[in-house]
Structure formats: C-alpha cells, structure tokens
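Colleague: Before I go back to the bench, I would like to talk through the side-chain contacts in this protein. Could you take me through them one at a time?

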Amino acid sequence: MKVTDILNRGIVNLTNCEQEPIHIPGSIQPHGFLLGLSGDEYTIEFASGNCADYIAYGHTQLLGKTFSAIFGAASEGVLKLSASGNVAAEPFPITIDDKYFLCSVHQRGDTFIFEAEPAGEAEKFSSDAYRQTRQFLSYMEHTSSLQQLCASVARGTREITGYDRVMIYRFDEQYNGEVFAEAKRDDLEPFLGLFYPHTDIPVQARQLYMTNLLRLIADINYQPVPIYTIDNGDRTNKDLDMSLCVLRSTSPIHVQYLQNMGVGATLTISLIHNNRLWGLIACHHYSAKNITPPVRLAAQLQGHFITSQIDVRQTNEEYDVSRRVNEALEQAITATIALKRLSLVQIAANEDVLRVCNAAGLCIIVNGVLYKGGLVPADAEIEQIVARMRTLAPGASFNSSHLAASTPEVENMCVTVAGVIYHPLDIADRNCIIWFRPQTIREVNWAGDPNKAIIKDANGLHPRKSFELWKEVVKCRSKPWLRPELNAAANYANALQKHVTYLALEEEERRYKRLSEVLKESNEELENINWISTHDLQEPLRKIQLMASRILSEDDTQVADSELVRKMNDSANKMQMLLSELLDHSKVKNTKDAIERVKVEGVLKEVMEQLHDMELEKMAKIVVGPLPEINGIPVLLKQLFVNLLTNALKFTSEKHAQVITIVEGDIANAPGLPEEGDYIHIVVADTGIGFDPKFSETMFRIFTRLNPHGTYPGTGMGLALCKKIMQSHKGYIAARGVPGEGAEFHLYFPAEPI
C-alpha cells in the first residue's frame with residue numbers, strides 16, 4: 001500500500017492570495033488529530049500524520065481500516081450518534097487507550113471528518129463555561145446601546161477564555177474593520193477605535209467566516225501536520241474540504257501577518273447579521289494558548305448573543321431619531337397646501353420636509369422646473385446630479401452618504417452635496433425629489449497606512465509589518481443616513497407623488513375648462529355668423545332677384561345685354577340655395593327630443609311624392625323594398641332621403657336608365673360597418689354615373705364636389721348634411737361606387753333606442 005499526503009503546495013503570495021484555496025490546505029494544526037471516514041463502515045480514507053502522537057496507531061496503520069476495528073464498537077456507536085445529527089452540535093467524549101478525547105464530527109460531501117483533541121477528565125464534564133454564559137446574559141440585559149453590549153461581551157469573553165486581548169471588530173460597507181469594543185491586559189496598548197483596511201481579510205477568508213463561525217490558532221509558530229491518504233494512482237477528488245474543521249491549518253500569509261503583529265495565538269468568532277458578515281470577536285494572546293472545546297463553545301455563544309441583539313440595540317439607539325423624523329413627516333404630510341403650482345414653492349420652503357430625513361437641503365423637480373429649499377448646489381449642478389441618479393438607478397430610488405464614490409463629478413460640490421436621497425415621482429422618471437447633506441469632515445485612525453497593506457523587499461511581497469497609528473482626514477462624506485430617515489423620506493416621497501399627480505389633474509381640468517369656455521365663445525360666434533349669413537344676407541339677395549326678374553320680364557330694347565342680367569339672377573339663386581342649405585345644416589343638432597319609432601316606408605312615400613316630377617323628368621325608376629322601423633327624427637329622416645334621392649336623380653348616366661333602390665342591407669357584408677354595436681342597415685343604390693372609390697371618405701366633407709362646376713347643379717352641401725343627420729342619430733353613413741356603373745350609400749341606424 002502506497003501512502004501520500006494531500007498537502008496543498010500551490011505557490012501563494014500577496015499577488016494571488018485572494019485566490020488561495022484556504023479551505024483545502026491538506027494539513028492541520030498539531031494540537032489534535034484528524035480522520036476522514038467514508039462509506040457505511042466508516043473506512044478511514046484520510047489520517048493526519050500526527051496520529052501516533054495521541055494514540056497507539058500511526059497514519060499508515062489507520063488508512064484503509066474501519067473506525068470500529070481501531071477504536072472499538074462503543075466508540076463507533078458514539079460516532080454514529082453524533083454523525084446522525086440526533087444530538088446537539090457540541091463536542092462529545094471518547095476514551096481511547098485510557099485517554100480522554102473531546103471529539104467532533106461533520107460531513108463534507110461523502111466524507112465524515114472526525115477531529116479529536118486530548119482533554120482532562122474534568123474538562124469532559126465541565127459546565128463552568130455555560131454557567132458563566134448565563135451570568136453574562138443576565139449582565140447584558142442591563143445594557144442599552146449596542147456599543148455597551150459589545151463592551152460587555154468583550155469583557156465577558158476575556159473572562160471566559162483568558163486571552164490577553166478581546167476585540168469586537170465591526171465592518172463597514174467596504175469591509176474595512178473598526179475596533180468597536182475592547183477588553184485587554186492593562187499593560188497593552190489600546191486598539192479601540194482603530195480601523196483596519198479590507199485587504200487585511202481577503203474575500204475568500206470572509207466567505208469562510210460565513211461558513212465556519214469559529215477559527216482557532218493555538219500557536220502561531222506551529223508546524224503544519226500533513227494529511228495522508230492511500231495513493232491509488234489517481235489524485236482526483238483526493239482534496240479534503242476542511243471549511244468546518246477546528247484543526248484546519250491556516251494560510252501562511254495570515255500566519256505571517258499575525259507574526260508581524262506579535263501575536264502568539266488567536267480565536268476568531270464570526271458575527272453574522274442579515275446574512276452578512278457584520279463583524280468578528282477577535283481574541284489575541286501574546287504567547288501560545290489553547291482552550292478546550294467547551295470554552296470555545298461558550299465563547300461562540302457570546303457572538304450569538306451579539307448578533308441576536310443588533311437589531312434591538314440599533315432600534316433602541318435610533319428610536320429618538322425615528323420619533324423626531326416621524327413627527328416631521330406627519331407635519332409635512334398634513335400641511336394644508338392648495339393644489340396650485342405655487343404649492344411646490346411652499347413645500348420646498350417647508351422646514352418640516354428637511355427634518356423628514358434631517359437633510360440640509362432639498363430640490364423638487366416637476367415638469368423641468370426646480371423648487372429648492374435649504375442648502376443646495378447651483379441649478380446646473382442639481383441637473384447634473386439628477387441625470388446621474390437616473391443613470392445609476394433608472395426609475396428607482398437611490399441613497400448614498402458618499403456620492404463622490406459613484407459620481408466623481410460631485411467632488412467639487414462636497415460642501416453642499418456629499419450625501420443624497422433620491423426618489424422619482426412618476427414612472428417616466430421626469431419628476432423627482434432629492435435631499436442633500438453636506439460633507440462631514442472627520443479624522444480616521446488606521447492601524448498602519450491602509451495604502452501600504454502590502455510591502456515589497458528583496459525577498460518578495462509580504463503583509464505589512466507596521467501597525468503604527470496612521471491618521472486620515474476623510475472628506476466628501478456626509479453623515480450616514482439612518483434607516484428611520486430613509487423610511488421617512490420614502491413615505492414622504494410617496495405622499496408628494498400623490499400631490500404632484502393631483503396637481504397635474506387639477507391643472508388639466510382647469511385647462512379643459514378654459515378650452516371649453518373658448519370653444520363655447522367660438523360656437524356662439526359661429527352661430528352669430530351663421531345667422532347673419534343665412535338670414536341677413538338673404539334680404540339683399542331677394543332684392544337682386546326681384547330686380548333681375550323685372551328687367552328680364554320687360555321688353556326693353558334699351559337693355560344692352562339681357563344675358564348678363566340672366567347670369568346675375570342665376571348667381572343670386574345659387575347663393576340663396578347655398579344659404580338655405582347652410583341654414584338646414586346648422587339646424588341639425590345631436591338631440592334626443594324628437595326621437596320616435598319611424599316607419600321608413602312612410603317617410604319614403606312622402607319623399608317620392610315630393611320628387612315625382614323630377615323622377616318623370618329623368619325617366620328614372622325608384623324601387624322601395626320592405627324596410628324595418630327605426631328610431632329617428634321624422635323631419636331629419638325625410639331630409640336625409642330627399643338629399644340622397646335628389647343626388648341619385650341628378651347624377652344619371654346616359655348609358656342606361658336610372659334605377660334607384662332602397663332596401664334593407666345584409667349586415668354581414670357591409671362597408672364602413674362600426675366595430676361594435678347592433679345596427680339596422682339600409683342601402684340606397686342607383687345605376688348613375690358612380691364615383692371613384694378614392695373619394696368614398698372625402699365626399700362627405702362640406703362644400704366638396706366630385707364633378708366640375710357647371711356640369712351638374714348643386715352646392716356640395718348635400719352629403720355633408722346627410723352625414724350630420726346620421727351623426728345626430730348616433731349612426732354612420734358609408735359610400736361605395738364604381739365609375740360609370742352607379743353608387744351605393746349605406747346607412748347604419750342603432751337598433752336600440754338612442
């Protein structure tokens with residue numbers, strides 16, 4: 001049997017440390033031993049090289065054997081019970097060769113990873129750490145702020161673990177860390193308030209902190225112990241995922257970093273809040289130090305206590321802010337402001353709107369007009385910022401306390417604009433409200449220059465060695481927006497959006513009202529003009545006609561040219577006819593006053609009697625088929641059919657005799673039929689001269705003539721009058737014609753009462 005180690009020998013330095021596979025180092029720390037078990041028999045597939053230091057078997061003797069064959073059936077029973085998940089996730093005791101071990105087991109893929117650390121018999125049943133935890137929990141209940149809670153946790157964790165220094169380490173948005181609370185030996189230099197750059201903890205290390213909440217290094221100067229496995233000639237899948245292992249060996253880069261700090265041992269506990277790495281409990285000892293699994297568990301519970309209290313403590317700290325902004329929000333929303341464009345000026349000047357989110361200035365943009373209040377930049381700068389907001393978050397809200405990070409062009413505006421809250425006020429993102437905060441200049445104390453986190457010397461790249469205080473003056477950042485302020489701003493923006501919408505509707509209503517008044521005045525003026533044209537002008541026309549008739553009736557040889565007088569008389573008659581038809585057109589109105597059930601055949605009988613002489617003159621024939629009753633105004637219907645039949649008799653063809661038919665049409669095959677509604681269809685067809693189909697729409701316009709003046713008599717008003725009569729009946733008229741063959745006029749009357 002050939003045995004080989006799985007030690008990860010990849011070359012790691014600071015240029016590629018973010019890709020370092022720290023979860024598969026292939027080695028462990030030497031304060032315990034590790035086995036990798038597979039299959040139902042728990043066959044030992046992996047074994048650390050230090051097994052012989054703790055038990056009577058070396059790794060070569062263990063590989064390929066079953067767990068029960070080495071440790072006995074009783075130990076295997078305890079192992080199975082823990083591996084099944086039927087007991088609490090805590091270390092369990094196993095006695096091997098009269099030696100006590102505290103062990104843990106977890107599964108990664110198809111492998112069960114067994115870790116064992118030697119322990120005294122007293123430690124096997126120790127409960128002191130748990131009693132300390134309960135006492136500490138009671139103590140925490142008497143703290144009010146998050147900082148006080150963290151300080152208490154730091155002190156309590158140090159009492160439990162005995163480390164020289166315990167720090168509560170809090171991350172910002174970029175994962176720069178701040179020492180938020182600290183408990184230490186009196187002779188040590190304080191780290192409280194110091195900041196550490198995000199490069200101190202690479203991305204994959206933060207991801208591992210999310211997976212495994214506890215990491216222990218008992219001795220910074222330890223020699224890694226390789227893990228061995230049987231070499232079957234194929235290294236595929238021989239890496240062992242040690243993400244959850246307590247004994248997992250640590251990155252040499254991190255070890256060098258801690259050595260540069262002068263640390264001898266560490267314990268790190270993850271603080272997870274809202275599925276994000278909120279911070280760490282970082283315990284440092286300045287010599288080698290190991291703590292038992294029960295003490296580790298007790299320390300880990302301190303982290304759980306912190307994360308369970310973050311929301312409560314932050315809410316408690318933000319309560320006063322929340323109370324004040326909500327009062328301002330209520331006053332701003334309930335302010336009585338008229339629905340006028342001037343109201344936006346009043347809103348922008350209202351200090352309660354600034355206090356909604358404790359801003360220094362605001363700007364409301366509606367229809368391209370800026371309404372400003374408080375401390376704001378110039379109009380051109382505001383428009384530049386808003387354009388950037390619409391790019392960063394199109395159609396959505398946006399907030400930042402460091403606007404220059406996403407909008408570098410505002411760096412010269414930081415005196416007034418370092419932080420913003422932006423809310424669109426419509427779907428199209430044309431209108432918006434934006435609150436501004438100026439920069440708050442502050443001094444940040446870094447543990448070493450963050451710009452020199454990596455140093456280069458003759459031996460290559462290394463983690464920084466200097467942790468001396470390095471001060472940075474931070475500019476172009478505003479005071480951070482608190483959650484109550486963001487919520488209040490969102491609520492007010494929603495209320496303002498409704499106000500702007502109502503304002504737009506009110507302005508639209510006023511605009512329509514003004515248009516209606518203008519239209520009413522125009523209609524009155526048109527009616528007056530119509531009255532003058534149809535009444536006042538007829539009197540001089542009658543006099544012209546009368547004088548022309550007298551002249552033509554007298555046998556006066558002194559009249560130089562009676563033909564000119566005759567033309568004058570014809571023109572006067574034509575003008576009188578036009579005015580008469582204009583008057584008829586103006587009388588047709590959309591009204592329901594005279595609507596009744598009408599027998600169309602009865603109306604046509606009267607029309608045919610009126611046109612009888614013209615029918616004989618044109619040698620035409622009018623045929624009326626069975627027609628239904630319709631809802632209509634008899635006098636207008638009579639005028640409708642008079643116009644249609646007069647047109648048909650007028651525009652006859654020389655090729656054949658004129659035949660005019662009035663019948664009920666097939667509604668399923670009708671031109672110009674409206675898409676909706678139930679209609680009665682009547683067709684008036686003739687065999688006259690017809691017309692070009694391209695005129696089927698325009699022929700119903702007023703004064704439209706399809707034939708040259710003088711060819712056929714008429715004013716071009718007849719079909720326009722027909723269309724208006726059909727409109728007054730809520731109906732439609734359509735035409736279809738073939739040149740030289742004839743024309744059809746399709747009338748659609750609503751089947752239901754109008």
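Colleague: Which ring does the charged end of arginine 206 sit over?

Modeller: Please keep in mind throughout that this is a predicted model. A charge is taken to sit over a ring when, among other conditions, CZ of Arg is within 6 Å of the ring centre. The charged end of arginine 206 is placed 4.3 Å from the centre of its partner ring, which belongs to tyrosine 175.

Colleague: And over the face of which residue does arginine 165 lie?

Modeller: Arginine 165 is placed 3.7 Å from the centre of a ring. The residue whose face it lies over is phenylalanine 191.

Colleague: Is the pair of phenylalanine 71 and phenylalanine 114 stacked, edge-to-face or tilted?

Modeller: The count of aromatic pairs in the model comes to 13. For phenylalanine 71 and phenylalanine 114, the ring centres are 6.5 Å apart and the planes meet at 40°. Planes under 30 degrees apart would count as stacked and those over 60 as edge-to-face, so this pair is tilted.

Colleague: How many residues apart in sequence are the parts that this pair ties together?

Modeller: Phenylalanine 71 belongs to helix 2 (residues 67-71), whereas phenylalanine 114 belongs to strand 7 (residues 111-118). Both rings are buried, phenylalanine 71 at 10% relative accessibility and phenylalanine 114 at 0%. Phe71 and Phe114 also belong to one aromatic cluster with Phe33, Tyr54, Phe67 and Phe101. The parts tied together by the pair are 43 residues apart in sequence.

Colleague: Which cysteine is joined to cysteine 414 by a disulfide?

Modeller: The count comes to one disulfide, and its S to S distance in the model is 1.4 Å. Cysteine 414 lies in the loop between helix 13 (403-406) and strand 18 (419-424), and its partner, 62 residues apart, lies in the loop between strand 23 (469-474) and helix 14 (483-536). Cysteine 414 is buried at 4% relative accessibility, and the partner is buried too, at 11%. That partner is cysteine 476.

Colleague: Which helix gives the most residues to the largest nonpolar core?

Modeller: The largest nonpolar core has 39 residues, and those that touch the most other members include Leu640, Phe641 and Ile662. Among the elements that give two or more residues to this core are helix 17 (600-610), helix 19 (634-650) and strand 30 (742-750). Phenylalanine 641 touches residues including Val600, Leu604, Val684 and Leu747. The element that gives the most, with nine residues, is helix 19.

How values were computed:
Residues are numbered from 1 along each chain as its sequence is written. This is a predicted model: local features need pLDDT of at least 70, side-chain atom pairs count only at pLDDT 80 or more; totals for chains, interfaces and linings use all residues. Side-chain values use heavy atoms; hydrogens and water are left out. A disulfide is a pair of cysteine sulfur atoms within 2.5 Å. Helices (H or I, at least four residues) and strands (E, at least two) are DSSP runs, numbered from the N terminus. Buried means under 20% relative accessible area, exposed over 50%, partly exposed in between (1.4 Å probe, protein chains only). A nonpolar core is a set of buried Ala, Val, Leu, Ile, Met, Phe, Trp, Tyr and Cys residues joined through side-chain atoms within 4.5 Å. Contact means heavy atoms within 4.5 Å. Rings of Phe, Tyr and Trp (its six-membered ring) pair if their centres lie within 6.5 Å; planes under 30 degrees apart count as stacked, over 60 as edge-to-face and the rest as tilted. A charge sits over a ring if NZ of Lys or CZ of Arg is within 6 Å of the ring centre and within 35 degrees of the ring normal. Lists of a residue's contacts leave out its neighbours within four places in sequence.
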